[in-house]
Amino acid sequence: MRVVVAEDVMLTRVGIVRLLTEAGYDVVGEAEDLAGLMRCVMSTRPDVVVVDIRMPPSHTDEGIVAAQRVRAEHDDIGVLVLSQYVEPAYAMRVIEDHPERVGYLLKDRVFDVAILVDALRRIADGECVIDPMIVARLVGRRRRTDPLAVLTGREREVLGLLAEGLSNVAIASRLFVTERTVEAHSKQIFQKLGILGDPASNRRVLAVLAYLRSSTA
Amino acid sequence: MMRVDVTRAQGSAPDLAGVLVPVVAVAVATATLFLVPRSGLEATTYGSGSVNVQLVDGAAGLGLVGVSLLLWLVRPQRRAVRVVAGLAACAWFASTWVGWLGAPPVARSVGMVLEPIVVAAVVHLVLAAPDGRLRTRPTRLVVVGLWAATGVYTIGRALVRDPFLDLYCWSNCEDNVFAVSARPDLARRLDDVWLVATVVVGLALAAFAPVRLGSSSTVARRTLWSILVPGAVFGAALTAYGAVLVLRRPEDPQDAVFSSLYQVRGWAVVGVVCGLGWTLVRAQRARVAVAQLADDLGAAPAPGSLAAALAHGTGDPDLAVVYPLEGGERYVDAAGATVELRRVADGRTATPIVRNGEEIAVVVHESAIVDAEQLRTQIGAAARLAIENERLRAQVLAQLGDLRASRARVVEAGDDERRRLERNLHDGAQQQLLALSYELRLAHAGARAGGDRELTTRLETTETCATEAIADLRDLAHGIYPAVLTESGLGAALWTLADTAQIPVDFDHVPDERFPPPVERTVFVVAADAIRAAALAGGDHVELRVARDGERVTVDVRGAGPGPFLHLADRVGAVGGRLHVDEYVLRAELPCG
């Protein structure tokens with residue numbers, strides 16, 4: 001798989017490149033800022049771009065902007081945004097416009113090769129990847145009455161994996177059940193929680209995240 | 001002693017022209033109205049024409065007399081312009097005397113000499129608008145040149161003109177008692193040159209008004225237009241008259257074109273007179289008001305009322321009273337707001353009020369309406385207490401304003417510093433920890449492959465420590481400054497706050513719009529601290545509401561507990577807001593203009 005890495009801190013960039021190379025990826029380009037990344041993507045046409053959320057010039061959300069632009073301009077190129085922020089708002093922005101082939105992962109996980117490889121594979125397969133810590137923070141928020149109490153234990157498990165962006169097949173293999181069972185569960189979850197949207201579409205991750213974020217009480 | 005004498009000598013210097021000319025103008029006007037017969041002069045004067053012509057003729061002449069007298073009353077120190085107005089009146093009536101068949105030859109001859117003065121006098125009055133002073137060098141040169149030319153023409157003509165031999169004579173073909181030698185060709189050449197000069201001066205005057213109005217401030221324009229517009233009409237009519245005269249000589253007051261042009265000139269003079277009169281009446285009203293105010297302000301009036309009272313009394317709505325701070329380094333108004341005095345608009349004057357050699361206030365007023373000299377002398381003495389009161393208050397308010405601004409700057413600098421720290425943590429320590437964690441993983445994998453079980457366990461523990469350190473550092477950085485607040489606004493930041501709060505946070509409302517950064521940061525700090533306080537006090541939940549109400553942003557936190565929230569009050573106060581705390585609700589109101 002051909003990968004482009006965009007990260008302005010040299011130390012981290014070298015680390016990621018080394019990690020990817022050792023894991024058998026072909027790093028075809030490196031960039032230090034948004035403009036450089038867009039040029040690199042145009043010239044090398046990689047399969048996936050790994051981009052830091054903060055890059056020059058403003059060191060704010062260039063990585064998110066880059067993800068949105070790459071996804072808008074190149075339908076076949078996936079993007080993994082690496083971030084140091086546990087901010088659901090950022091994750092939702094990343095998957096908002098083009099909810100497939102994108103991911104938002106916390107930086108400290110990247111150096112676990114297994115997690116990085118898994119995320120890149122899922123993105124290449126057309127899924128989206130949301131860091132479990134983001135989902136955990138949304139699910140774990142203290143509420144006066146838990147809206148998820150209407151769900152069974154298994155349904156809560158499915159909901160969590162669904163929010164992380166896993167496909168039905170992936171959830172099924174993770175939980176050792178059939179794909180049909182996962183489909184039934186997700187339909188049930190959407191119905192019980194009153195989440196608008198199609199539990200089978202690729203926008204379901206955003207719908208679930210938005211639901212978890214907005215539900216008060 | 002010597003000095004007193006000199007001053008007195010100057011003060012009572014024989015002001016012959018200043019007294020004589022207006023008096024003579026009154027006499028001439030009276031004589032013209034009562035002595036000159038109403039009929040029989042239709043062919044030699046305009047003043048005996050139709051009712052309309054008679055009306056405008058009288059109105060213009062009497063108006064000029066009136067302006068001369070009004071100037072004497074309102075602006076006694078402006079002698080020149082008073083004399084000019086008087087001369088204009090005499091010259092205006094002189095044309096009737098020239099054509100008065102049967103009048104004494106001396107009267108007709110004097111009339112002939114005076115008549116051309118009208119042009120120079122009206123030009124002078126218009127150029128000296130609005131307060132009787134010729135402000136710029138070019139206008140002074142033009143006026144002096146015009147007077148000189150008029151003198152040369154009218155005196156020269158009187159010496160060489162023999163009316164019998166004048167081909168184009170119409171109003172006076174008989175008398176010239178001043179003639180020394182009859183030189184008809186020279187007299188005609190003088191007339192021709194004068195005619196051309198009239199056309200040029202008329203054009204210049206017509207062009208002067210739009211140029212002057214265009215380059216004036218709005219305030220100055222308010223006064224100027226009433227004089228400059230009729231002045232321009234006068235100029236245009238003068239040029240037209242000259243042009244017609246070149247084509248159709250001799251002049252004939254019964255001719256419709258000449259009669260019309262005369263009426264336009266007359267009405268234009270009436271317009272100039274009204275404009276001057278209006279300005280003078282306003283100035284007189286201001287004068288009385290200032291004098292009266294000086295009496296009224298003996299008692300101590302409410303602070304801030306001085307400028308209002310002066311503005312109302314003088315009829316100058318933009319009048320301002322400002323006070324020097326730091327020895328005149330800067331000026332503030334009664335509310336303590338800094339005022340830029342170096343750029344006083346055109347048409348306005350900044351008059352310092354001085355007491356014991358110290359400047360205690362500056363009045364910024366319309367130059368044409370409010371008399372600077374009178375302000376200086378009368379206000380300074382009588383309104384001392386009022387000015388002193390206001391000055392002290394303005395000083396305190398200005399210091400308060402400075403303090404407030406400094407407070408806001410301190411808070412802002414603190415926020416910026418926190419933001420910088422947060423970035424540095426991410427870019428420095430966190431990256432190093434990530435690299436360390438990566439090296440540890442490699443070492444861990446190596447140890448496991450080498451079968452060193454003890455090292456593997458130890459590296460596993462170290463790896464966990466590194467991961468925890470990274471997570472701690474992330475939380476620390478977020479606590480120092482939530483980057484999401486700057487990038488995504490209050491909504492996202494408050495949601496994250498709720499996600500991580502120790503107790504449930506109910507959102508009632510958070511607007512999507514962005515506010516100025518200091519406001520957003522303050523709202524966030526208020527919400528975060530109130531939620532933390534509620535959790536510490538053992539509350540079971542808080543309700544958070546952020547709303548915009550016009551120029552204000554309001555944050556309500558219900559369930560925050562009774563406080564005290566002194567640091568929050570400071571923080572809210574620093575951006576000019578207020579914090580209310582009662583046993584149910586903590587409310588911060590922040591201005592957001």
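**Notes on the sheet in chain B and its contacts with chain A**

1. A good place to start is the hairpin that joins β9(B) to β10(B) through three residues. These two strands pair in the antiparallel sense over four bridges, and one of the partnerships is R578(B) with E589(B) of β10(B). Please keep in mind while reading that this is a predicted model.

2. On its other pairing, β10(B) (residues 585-591) meets β8(B) (residues 552-558), again in the antiparallel sense, with seven bridges between them. If you would like a spot to look at, V557(B) has L586(B) as its bridge partner in β10(B). As a reminder, strands of a sheet pair through backbone hydrogen bonds, either parallel or antiparallel.

3. How does the whole sheet line up? Five strands of chain B form an open sheet in the order β6-β7-β8-β10-β9, and the pairing is mixed. Its edges are β6(B), residues 505-509, and β9(B), residues 578-581, each of which pairs on one side only. On average, neighbouring strands of this sheet are turned by 15° against each other, direction ignored.

4. Two helices of chain B are worth viewing together with the sheet. Helix α16(B), residues 490-500, lies across β6(B) and β7(B) (542-549), and runs at about 160° to β6(B). Helix α17(B), residues 517-536, packs on the sheet and touches β6, β7, β8 and β10 of chain B. The direction of α17(B) makes about 170° with that of β10(B).

5. Now to the partner chain. Which elements of chain B give two or more residues to the side that touches chain A? Before the answer, the polar side of the story: there are seven salt bridges between chain B and chain A, and 13 residue pairs are in polar contact, both residues at pLDDT 80 or more. The elements in question are α13 (384-450), α14 (453-480), α15 (483-488), α16 and β6 of chain B. Two of these, α16(B) and the edge strand β6(B), were already met above. The largest share, 15 residues, comes from α13(B). By class, this side of chain B has 15 nonpolar, eleven polar and twelve charged residues.

6. For the extent of the interface, 38 residues of chain B are in contact with 36 residues of chain A. The size of an interface is often given as the accessible area lost when the parts come together. Here chain B and chain A bury about 3200 Å² between them, with 50% of it on carbon and sulfur atoms. Y438(B), R474(B) and D499(B) supply 22% of the area that chain B buries against chain A, more than any other three residues. R474(B) also forms a salt bridge with D108(A), and the closest N and O atoms are 3.1 Å apart.

7. Some backbone details deserve a look too. In chain B, a cis peptide bond joins A129(B) and P130(B), with omega about 0°; P130(B) is found in the loop between α6(B) (117-127) and α7(B) (137-160). Another cis peptide bond joins R249(B) and P250(B), also with omega about 0°, and P250(B) lies in the loop between α9(B) (218-247) and α10(B) (256-296).

8. Finally, a residue in chain A. R45(A) has a positive phi of about 45° although it is not a glycine. You will find R45(A) in the loop between α2(A) (34-44) and β3(A) (48-52).

Definitions and conventions: Residues are numbered from 1 along each chain as its sequence is written. Chains are lettered from A and ligands numbered from 1 in the order in which they are written. This is a predicted model: local features need pLDDT of at least 70, side-chain atom pairs count only at pLDDT 80 or more; totals for chains, interfaces and linings use all residues. Side-chain values use heavy atoms; hydrogens and water are left out. Two strands pair if DSSP finds at least two bridges between them. Axes are lines fitted to C-alpha atoms, for helices over the stretch in contact, and angles run from 0 to 180 degrees between N-to-C directions. Contact means heavy atoms within 4.5 Å. Buried area is the accessible area (1.4 Å probe) that two parts lose on being put together, summed over both. A salt bridge is a side-chain nitrogen of Lys or Arg within 4 Å of a carboxyl oxygen of Asp or Glu. A polar contact is a pair of N or O atoms within 3.5 Å; within protein, one must be able to donate a hydrogen and the other to accept it, and residues adjacent in sequence count only if both atoms are side-chain atoms. Ala, Val, Leu, Ile, Met, Phe, Trp, Tyr, Cys and Pro count as nonpolar, Asp, Glu, Lys and Arg as charged, and the others, Gly among them, as polar.
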